[in-house]
Amino acid sequence: MFHGQAILPAAKSMKQFEQILSSSYEYGVFLDTHIAQLKNIYKMANHHQKKMFLHADLVHGLKNDEYAAEYLCQEIKPYGIISTRGNMILKAKQKGVIAIQRVFMLDTIALEKSYALLQKTQPDYIEVLPGVVPHMIKEVIERTNIPVFAGGLIRTANDVEQALAAGATAVTTSNDQLFAHYRTDK
């Protein structure tokens, strides 16, 4: 679990972000936003004592390079940055922001390329997608010795439990039913 949370609720809309703000979750993820909204939504998150990771690759109007990472780290100050891009991860780490490398487990070739990238970037966490392949979660942890978040195609509490049993630190999900099921104030 990540600081007592089995899941990291992921907001892909303002409605979901508002759900997170009014919930007992302390940690969450912004998935899809526009650069013009960033300062305001982080101001709202901070006001509600929410620590929000930002998926930098999904910020509309922002180029995903080291300058963008520097801007995010210095001006927006997210709790952490999620990205598939090595340069974003390296810059986040340099700036003291939690760095989460997102890895798509498409096939063996893609996975081996990801292992090479992970060796170079040494992120704080790895987010593996899809997160519904427990034996692969276990393999990634064993190969890298880096904690893993499982995400993508997580649809049921059983999916969450299998990912956690395989060694995932937490599960990222935008599924509202799972938000309710795993609330920390039950």
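Which residues in α5 meet Met136, Glu139, Val140, Arg143 and Thr144 in α6? They are Leu111, Glu112, Tyr115 and Leu118, where contact means heavy atoms within 4.5 Å. By class, this contact holds five nonpolar, one polar and three charged residues, with Ala, Val, Leu, Ile, Met, Phe, Trp, Tyr, Cys and Pro counted as nonpolar, Asp, Glu, Lys and Arg as charged, and the others, Gly among them, as polar.

Before going on, I should say that this is a predicted model, in which local features need pLDDT of at least 70 and side-chain atom pairs count only at pLDDT 80 or more, while totals for chains, interfaces and linings use all residues. Residues are numbered from 1 along each chain as its sequence is written, and side-chain values use heavy atoms, leaving out hydrogens and water.

The axes of α5 (residues 108-121) and α6 (residues 134-144) come within 11 Å and cross at roughly 35°; axes are lines fitted to C-alpha atoms, for helices over the stretch in contact, and angles run from 0 to 180 degrees between N-to-C directions. Helices (H or I, at least four residues) and strands (E, at least two) are DSSP runs, numbered from the N terminus.

Turning to the sheet, eight strands close into a barrel in the order β1-β2-β4-β6-β7-β8-β9-β10, with parallel pairing, and two strands pair if DSSP finds at least two bridges between them. Strand β9 (residues 148-151) is joined to β10 (residues 170-173) by three bridges, and Gly151 stands opposite Thr172 in β10. Helix α7 (residues 157-165) packs on this sheet and touches β1, β9 and β10, its direction making about 145° with that of β10.
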